[in-house]
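Q: Could you take me slowly through one part of this structure, with each term explained as it comes up?

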Amino acid sequence: MGDGPIDPAQRRLAERRLVTALRRHHRREPLRDDVRVDTLIADLRAAEPARPSGHRGRQSVGLSDAELRSVVDELVRAGTMLRQGHRVRLSEPGAGLDAAMRDRVEALITTLREAGGTPPPAEVVATRLGVPAALLTQLRASGELVSLAPRIDYPRDAWGAIGARLDRLAATSPLSVRVVRDELGTTRRHAEAILRHWNQSRTTQ
């Protein structure tokens with residue numbers, strides 16, 4: 001396409017493909033409901049047919065990246081997408097987790113939180129509640145779960161509370177695995193993982 005007005009048929013096709021690409025992103029990463037515009041355009045390109053077809057549904061989008069960005073701008077102005085900086089997301093409800101899956105995730109996090117210093121393996125709880133392994137991975141990547149070691153995960157707020165307790169302890173005496181174990185009433189394996197992660201977090205601050 002050139003620098004002139006975008007062909008209306010191509011514009012409509014681009015709008016549909018951009019929205020479809022954003023919905024695919026929501027399904028892949030329901031906890032991350034926004035995406036960079038350049039990533040969205042790359043996703044659209046990757047899903048395009050290898051060669052143009054006479055079938056309307058298999059037509060290729062023949063717009064440049066700059067023209068696709070202008071289509072995104074129009075979708076934002078129309079309220080179909082919402083923008084924050086270089087990232088966009090769909091404005092329609094339910095773009096991320098549905099209510100049932102969000103309830104399962106909340107139950108998972110609550111179970112781990114209520115277990116205190118010795119939470120059960122998140123994989124076991126997730127399987128029991130019907131939380132997919134891919135979603136568990138996203139919970140860790142998003143920081144909602146803090147993974148200290150294989151099969152040792154703490155909810156974000158629970159880890160924050162543990163870290164604050166260790167900070168207070170460290171202000172008065174050196175920390176050891178035994179001290180952490182006794183303070184939190186946990187196992188030696190959990191105490192080792194907690195102390196190691198706490199030390200790492202202090203060195204990266």
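Which residue in β3 is the bridge partner of Gln-84?

A: The bridge partner of Gln-84 in β3 is Arg-87. This is a predicted model, in which local features need pLDDT of at least 70 and side-chain atom pairs count only at pLDDT 80 or more, while totals for chains, interfaces and linings use all residues. Residues are numbered from 1 along each chain as its sequence is written, and side-chain values use heavy atoms, leaving out hydrogens and water.

Strand β2, residues 81-84, pairs with strand β3, residues 87-90, in the antiparallel sense over 4 bridges; strands are DSSP runs of E with at least two residues, and helices are runs of H or I with at least four, numbered from the N terminus, and two strands pair if DSSP finds at least two bridges between them. In this hairpin 2 residues lie between the strands, and Gly-85 takes a positive phi near 65°.

From β3, Val-88 touches residues including Leu-22, Leu-40, Val-72 and Met-81, not counting residues up to four places away in sequence, where contact means heavy atoms within 4.5 Å. Val-88 also belongs to the largest nonpolar core, of 21 residues, where Leu-18, Leu-40, Leu-68, Met-81 and Val-88 touch the most other members. Such a core is a set of buried Ala, Val, Leu, Ile, Met, Phe, Trp, Tyr and Cys residues joined through side-chain atoms within 4.5 Å, with buried meaning under 20% relative accessible area (1.4 Å probe, protein chains only). At least two residues of this core come from each of α1 (8-28), α2 (37-47), α3 (65-78) and β3, and α1 supplies the largest share, 6 residues.

Terms used
Buried < 20%, exposed > 50% of the residue type's maximum accessible area, 1.4 Å probe, protein only.
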